Amino acid sequence: MGSCNNPGLGSDVLETLAQRLRHYKPPPRQIPETATESVSHQINSDEKSVSSITDHYQPAKLKRAAVLVCIFQGNNDDLRVILTKRSSTLSSHSGEVALPGGKREETDADDVETALREANEEIGLDPSLVNVVTVLEPIFTKSRMLVVPVVAILSDAKAFSPAPSAAEVEAIFDAPLEMFLKDENRRAEEREWMGGKYLLQYFDYEAENKRYVIWALTAGILIKVASIVYQRPPAFLELRPKFWDMAFSTDIPKQ
C-alpha cells in the first residue's frame, strides 16, 4: 500500500478533492413503485421486451449492497484507490478484483454503514480513518442487486495496516484513479442484453509483480468516480449497460 505524503485532510489536493465530491449532485432517481410505469419511459422496445425488463427489476426482487471507493494520496501525489482480489474459494465472483463492500445487513443504518462495515471486515480498514464525502447513484445489476458506491477519503494512508479476511480476500492493492480515464492497458468486449448493446471495460494492472484485471461493474464505478474527480470524460467510448443507469423521477429513498 502506497503511503501518503500529506497526512490529514488539510492537504490541498485532498481538501480540493473532498470539496469537489461533496458538491456532486446525482440526478434524481428512484426504485420504481411500479416497474412498468418507470421502465416504459426508459425503454423503446416492443411489449415483450418491456415486460421482461419490468419483471426483472421489481423492487421485491432487488437485493441491496454497498461498496467503498476509498481514495488516498500516493507517494507521487497521485490519487489512488484501494482494491481487493476476492478469494478463489468464494461462491460468487471468486478471484475477481472488487471494491471492498458487500450486502446490506438488517442492522446497518444506511448504505454508508454497510460500506464501512464491509471494508472493516474485508481489509481491516477502521472507519475512523476515513472521511465519507459522497454517495453516488445506485447501480442496478443483472443479478437484481442494487449496488451503492460510497466514496471516502483516507487522509493518512500510513495509519492503515491492511488486514485481509482470509475467507474473503486474497490480496489488497491500490491503483491510480486516473488510469480509469486513459485508453491505456484497456480493452473492451461488446455484449448484448434485452436487445441493447453495451461494452464491458477491462483494465490490466500490475502491482508488486502481480497482475490484476479490473473489469465490469468495478471498472464502471471507477470510471464514474474518476470522471467526477478529474472533471473530464474517459478517453475512450464507454457505452455503459442501460440497466446500470435506469433513471427515475425522484430520489431513491435512503434505507
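**Exercise 1. Describe how S9 and S10 pair, and place the pair in its sheet.**

Solution. Strand S9 and strand S10 (residues 196-207) run antiparallel and share 8 bridges. Two strands count as paired if DSSP finds at least two bridges between them. Strands (E, at least two residues) and helices (H or I, at least four) are DSSP runs, numbered from the N terminus.

The model is predicted: local features need pLDDT of at least 70, side-chain atom pairs count only at pLDDT 80 or more, and totals for chains, interfaces and linings use all residues. Residues are numbered from 1 along each chain as its sequence is written, and side-chain values use heavy atoms, with hydrogens and water left out.

Step 1: take one bridge. Glu190 has Leu199 in S10 as its bridge partner.

Step 2: extend to the sheet. The sheet is open, has 3 strands in the order S9-S10-S11, and is paired antiparallel. Strand S9 (186-193) and strand S11 (210-215) are the edge strands, each pairing on one side only.

Step 3: give the twist. On average, neighbouring strands of this sheet are turned by 25° against each other, direction ignored. Axes here are lines fitted to C-alpha atoms, for helices over the stretch in contact, and angles run from 0 to 180 degrees between N-to-C directions.

Step 4: add the helix. Helix H5 (residues 216-230) packs on the sheet and touches S10 and S11, and its direction makes about 80° with that of S11. Contact means heavy atoms within 4.5 Å.

**Exercise 2. Compare the end-to-end distance of H5 with the expected span, and state how many of its residues are buried.**

Solution. Step 1: H5 has 15 residues and reaches 21 Å from its first C-alpha to its last, close to the 21 Å expected at 1.5 Å a residue. The expected span is 1.5 Å times one less than the number of residues.

Step 2: of the 15 residues of H5, 12 are buried, so the helix is largely enclosed by the rest of the structure. Buried means under 20% relative accessible area, exposed over 50%, and partly exposed in between (1.4 Å probe, protein chains only). Among the buried residues of H5 are Ala216, Gly220, Leu222, Val225 and Ile228.

Step 3: look past the end of the helix. Gln231 follows H5 and has a positive phi, near 55°.

**Exercise 3. Find where Leu136 sits and which residues it contacts.**

Solution. Step 1: Leu136 lies in the loop between strand S5 (130-135) and strand S6 (139-140). Its relative accessibility is 4%, so Leu136 counts as buried.

Step 2: leave aside neighbours within four places in sequence. Leu136 is then in contact with Tyr24, Val148, Pro149, Val151, Lys224, Val225 and Ile228.

Step 3: take one of these residues. Val151 is 15 residues from Leu136 along the chain, and their C-alpha atoms are separated by 7.5 Å.

**Exercise 4. Check the span of H4 and list what covers its buried residues.**

Solution. Step 1: helix H4 (residues 111-123) has 13 residues, which should span 18 Å at 1.5 Å a residue; its end C-alpha atoms are 18 Å apart, which agrees.

Step 2: the buried residues of H4 are Asp111, Thr114, Ala115, Leu116, Arg117, Glu118, Ala119, Glu122 and Ile123.

Step 3: their cover includes strand S1 (63-73), strand S2 (79-86), strand S4 (101-103), S5, strand S7 (145-154) and S8.

**Exercise 5. Count the salt bridges and work through three of them.**

Solution. Side chains of opposite charge can pair when their charged atoms come close. A salt bridge is a side-chain nitrogen of Lys or Arg within 4 Å of a carboxyl oxygen of Asp or Glu. By this rule the count is 17.

Step 1: Asp78 and Arg80 form a salt bridge, with the closest N and O atoms 2.8 Å apart. Asp78 is partly exposed at 23% relative accessible area, whereas Arg80 is buried at 13%.

Step 2: Asp108 and Arg117 form another, with the closest N and O atoms 2.9 Å apart. Asp108 is buried at 5%, and Arg117 is buried at 15%. Both belong to a salt-bridge network that links Glu105, Asp108, Arg117, Glu118 and Glu121.

Step 3: Arg232 and Glu178 form a salt bridge, with the closest N and O atoms 2.8 Å apart. This pair links distant parts of the chain: Arg232 is in the segment after H5, and Glu178 is in the loop between strand S8 (169-176) and S9, 54 residues apart. Arg232 is partly exposed at 34%, as is Glu178 at 26%.
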